[in-house]
Amino acid sequence: MQREKQRRGVLDLLKVRDLGIVYALILLVAVLTAVSAATGRPNYLGGDNVANILDQASLVGILVVFMTIVLVSGNFDLSVGSIGALSAAISLSVIDERGVVVAVALAIAAAAAAGLVNGLIVQVVGINAFIVTLGTMTALRGVVLILTDGRTITAESSSSRTALQSIEAGFWTVNFPVILGLLAVIGAGAAFAAGHRGRRLAVLGGGGAVLAIAGFVGDMGFRYAKPVWYMAAITLVAWLVLRFTVVGRRLYATGANAEAARLSGINVARYKIVPFVLTGAAAGVVGVLYGAKLGATNPTALNGLELTVIAAAILGGTSLFGGSGSVITSVIGALFLFTIANGFNVLNLGANYQDLIEGVVLIVAAGVYTVASRRRARAGQAAPPEAPAPGAAADGQPAAPAEPARVEALRG
Amino acid sequence: MPSGEHVDLLSMRGVRKVYPSGTVALSGVDLRVGAGEVVGLVGANGAGKSTLIKVLAGAHAASEGTIAWEGRPQAWSSPADAQAAGVATVYQHIPLAHTLSVLENVFLGRTGWRRTTAGLERELDGLLDRIGYRVDAHATVEELSIGQRQMVAILQGIAQGAKLLVLDEPTASLARGEREVVFEAVRRLSKSGTAVLYVSHFLDEILDLTDRVTVLRDGRVVADEATAGLSEDTLVRSIVGRELLRVEQREIDLPPADAPVLLEVDDLRSGDRLQGVSLSLRAGEIVGVAGLLGSGRSELLHAIFGADPNASGTVRIDGRPLPRSPRAAVAAGLALVPEDRGSQGLFADFEIWRNASIADLPALSRARGLPDVERERERARDAIAALKIKAPGPDALVGELSGGNAQKVVFAKWLYSGARVFLLDEPTAGIDIGAKADIVELVRELARRGAAVLVADSEFSELLAVSHRVVVLRRGQVVAERVSGETSDHELVSLASGLEKEMQRAA
């Protein structure tokens with residue numbers, strides 16, 4: 001494919017619209033590392049600190065994946081914090097009598113049901129998602145108060161505690177380079193077999209091989225808390241689905257233009273409702289993990305979580321208007337927020353400034369994205385689509401005579 | 001102009017309007033309106049009516065020519081200037097503040113510190129008496145019907161002390177009773193000295209209501225005569241301006257008479273927009289739907305496609321009834337190219353390849369669930385070449401394409417998906433001549449390959465050029481059916497605008 005490279009600004013060249021948060025995170029980490037080194041503190045990028053940040057970010061990270069899905073579908077969900085609190089309260093009040101399996105299943109089912117209610121009201125009744133989920137956020141917090149009677153709920157029996165710990169506490173060590181490297185080699189091989197050619201595949205395969213060998217030889221295990229691995233697995237699956245499946249494509253189409261999607265034969269109601277259900281279920285999982293971590297929950301648990309999650313999605317470049325966004329950059333947005341918090345902690349800067357900085361960063365990020373999109377739109381207008389002859393544009397081959405090509409086209 | 005002689009309220013002379021794109025919308029138009037006079041402004045689509053109104057309303061500046069208001073030359077640079085002088089324009093899409101009351105909307109332009117509700121109510125009563133209308137002053141506009149909103153917009157105009165009221169297609173989306181109300185208002189206003197410039201496709205209304213008619217064609221005035229001296233025949237002739245180009249039809253291969261019936265529509269109804277439409281299409285047949293704005297032509301196509309949840313009646317494909325949903329329609333091989341391609345047909349932020357594949361994604365996927373991007377791009381490249389889409393490549397964003405090229409992308413979406421019944425709503429609206437010809441050729445090609453095509457188009461000459469048969473739709477009903485070779489542009493305009501006396505016989 002020829003690239004139509006016009007004179008583009010730095011913002012465009014760096015693909016700021018798509019990757020801005022990655023640069024921002026790298027910059028932030030670099031600054032924090034330099035400052036810690038200069039002030040004689042332990043290595044900021046040391047394994048423990050990184051594991052710490054990831055652990056702290058994991059619950060928000062899980063939620064931001066699904067928040068991104070809701071945002072891509074063109075909706076909005078404020079109720080995740082309350083749904084999580086509901087799930088924590090349900091799981092902890094049931095676990096002593098019914099055991100961990102029933103407790104967790106019940107909690108997640110209730111959370112998914114709450115998501116379904118959100119989706120049905122938004123899609124079938126047609127009320128704005130902001131209003132609906134503001135309502136369910138408040139109402140479900142009320143349900144939590146009723147369930148807990150305003151008190152802290154604790155898992156009492158020791159078997160419950162053990163079961164909960166087995167879900168949340170502890171670390172898994174994964175030799176990530178080996179796995180990633182082998183996956184890359186297999187992927188590149190499969191794509192090659194399927195008839196794809198090109199440098200990107202070679203790079204992928206070669207890089208994968210190097211990574212696998214290095215990981216194996218160097219014994220580079222990654223030891224992270226379980227929720228971090230949950231986050232990683234969920235992010236990976238969601239990214240694969242959104243990026244590579246028909247379902248993902250239709251989700252983006254629904255969010256980009258619901259009416260055009262409907263008139264293209266897409267079941268728009270399904271693609272609007274299911275994200276709410278998934279988000280509800282994910283909030284349920286987060287609630288269970290939260291309850292498991294503390295062995296207890298109180299009525300104000302996870303209060304305000306939704307705003308952190310939405311902020312992370314915005315930092316990750318996900319549009320509030322639907323049709324665009326990536327779960328990976330959203331998760332990086334979450335990491336960015338928690339890195340700021342961690343940095344304040346490690347460097348012992350007054351925590352008073354933290355909210356101020358986070359708020360300013362959010363607005364600056366949104367500003368950068370807005371400017372980058374505007375520039376892209378303008379670049380598009382400045383390059384009138386009349387440049388190359390049609391047909392020749394495709395891959396440098398001479399334009400096929402129009403008439404036979406059309407006949408060919410219509411045969412399909 | 002010597003003093004003492006009669007001075008026109010409005011006199012536009014030699015007005016030209018060239019858009020930055022180079023399109024000449026008006027090439028030397030003269031228009032005059034006397035005080036209290038009702039002047040009809042008619043013309044085919046693209047004749048320049050809208051541009052002329054916008055120049056008059058101060059929304060566009062004329063490239064050349066003069067505008068004299070009450071005998072004095074004017075250089076209105078904004079709508080506010082024109083309004084201050086006394087020109088009130090009521091556009092088709094009525095810009096009212098929907099959450100405010102009728103009273104607040106009518107006096108929206110009123111400045112000054114002190115105003116009392118009671119005072120405004122009295123004033124509104126006076127205005128209502130003037131046009132012989134009643135409306136609840138405290139209802140919010142969003143509670144009102146389209147017809148009532150139209151009247152609020154008219155009230156807004158006369159509340160500003162308009163000496164000339166410009167009405168752009170005021171009755172296009174109104175029910176019969178509501179239209180009468182507008183007519184009554186126009187008659188009363190004219191009697192009380194307010195001039196009206198009445199723009200309409202409905203020639204019966206024009207003949208009934210106006211004192212004089214100005215006909216535009218291709219940016220020029222081709223007739224300016226007293227209504228009393230006009231017949232429907234001369235009016236239609238000056239609008240159309242030429243005999244039908246029958247030559248264009250020679251290329252159409254008629255479908256065999258024994259071709260199977262693909263699409264059957266039986267008694268399709270939806271509110272008062274569609275009042276029992278039945279028709280059938282054979283494989284290889286192109287049928288035109290001739291209807292003016294508000295005739296229900298878009299509603300018909302949407303209802304057939306299952307996109308109108310309020311519709312009733314049956315649609316059969318190959319004799320099998322079609323469930324009422326766009327999804328079922330797509331699965332059964334129907335394709336809709338909607339009139340408003342920006343909001344209904346395309347994903348502006350998606351590349352050409354993602355637009356072209358969206359309706360047929362499983363077929364382009366591995367295991368029907370994993371889209372094969374290379375095949376999608378390949379299809380987009382094919383479409384770019386076959387449809388002569390002017391774009392840098394399959395990665396071009398559709399929102400950045402010109403109208404004609406974007407429309408071709410909408411076609412591309414359906415061309416490869418195995419669709420056999422094409423519903424085309426104004427497929428060539430807002431498209432340049434070259435792309436238009438491409439699309440006409442494409443429609444013929446579709447029919448040659450055995451598809452059934454239903455085309456709605458407000459440009460009847462194009463409709464005749466492309467279709468085998470034309471059904472005329474008026475106010476949600478099929479009022480006539482003609483074989484394309486046996487009718488004319490002229491006859492269709494008459495039928496669609498409700499002039500032709502044959503109408504009753506045909507229906």
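**A helix crossing in chain A, a sheet and a buried strand in chain B**

The crossing of H3(A) and H14(A) is right-handed. This is a predicted model. In chain A, helix H3 covers residues 47–72 and helix H14 covers residues 305–315. Their axes come within 9 Å and cross at roughly 65 degrees. That angle makes H3(A) roughly perpendicular to H14(A).

Which residues meet where H3(A) packs on H14(A)? From H3(A) come Val60(A), Leu63(A), Val64(A), Met67(A), Thr68(A) and Leu71(A). From H14(A) come Thr308(A), Val309(A), Ile310(A), Ala312(A) and Ala313(A). By class, this contact has 9 nonpolar and 2 polar residues, and no charged ones.

Now the wider setting of these two helices. Chain A has 18 helices and 4 strands. It holds 412 residues, and buried residues make up 43% of them. Take the contacts in chain A with a separation of 6 or more: residues 24 or more positions apart account for 79% of these.

Chain B offers a sheet to follow. It is an open sheet of 4 strands, in the order S2-S1-S4-S5, and the pairing is antiparallel. Strand S2 (24–33) and strand S5 (72–74) of chain B stand at the edges. Each has a single partner strand, so one side of each is left without a neighbour in the sheet. On average, neighbouring strands of this sheet are turned by 25 degrees against each other, direction ignored.

Inside the order, look at S1 and S4 of chain B. Strand S1 spans residues 10–18 and strand S4 spans residues 64–69. They run antiparallel and are joined by 5 bridges. In this pair, Arg16(B) stands opposite Glu64(B) in S4(B).

A helix packs on the sheet: H1 of chain B, residues 49–56. H1(B) touches S1 and S2 of chain B. The direction of H1(B) makes about 60 degrees with that of S2(B). Is H1(B) mostly covered or mostly uncovered? It is mostly covered, with 7 of its 8 residues buried. The buried residues are Lys49(B), Thr51(B), Leu52(B), Ile53(B), Lys54(B), Val55(B) and Leu56(B). Two lysines, Lys49(B) and Lys54(B), are thus on the buried list. After H1(B) comes Gly58(B), whose phi is positive, near 85 degrees.

Farther along chain B lies strand S20, residues 452–457. Here 6 of the 6 residues are buried, so S20(B) is largely enclosed by the rest of the structure. Which residues of S20(B) point one way, and which the other way? Ala452(B), Leu454(B) and Ala456(B) point one way. Val453(B), Val455(B) and Asp457(B) point the other way. All are buried.

S20(B) has parallel partners. Strand S13 of chain B, residues 286–290, pairs with S20(B) in the parallel sense over 5 bridges. Strand S19 of chain B, residues 421–425, also runs parallel to S20(B), and 5 bridges join them. Ala456(B) appears in both pairings: in S20(B), this residue is the bridge partner of Val289(B) and the bridge partner of Asp425(B).

One last stop is Gly404(B), found in helix H14 of chain B, residues 403–415. Why does Gly404(B) count as buried? Because 21 C-beta neighbours lie inside 10 Å of it, and the cut-off for burial is 20 or more. Tyr416(B) is 12 residues from Gly404(B) along the chain, and their C-alpha atoms are separated by 19 Å.

Key:
Residues numbered from 1 in each chain as written. Chains lettered and ligands numbered in written order. Predicted model: local features only at pLDDT ≥ 70, side-chain atom pairs only at ≥ 80, totals over all residues. Pairing = 2+ DSSP bridges. Axes fitted to C-alpha atoms, helices over the stretch in contact; angles between N-to-C directions. Contact = placed C-beta atoms within 7 Å. Parallel < 35°, antiparallel > 145°, perpendicular 65-115°, else oblique. Left-handed = near helix turned anticlockwise from the far one by under 90°. Nonpolar A, V, L, I, M, F, W, Y, C, P; charged D, E, K, R; others polar. Buried ≥ 20, exposed ≤ 12 C-beta atoms within 10 Å, placed from the backbone.
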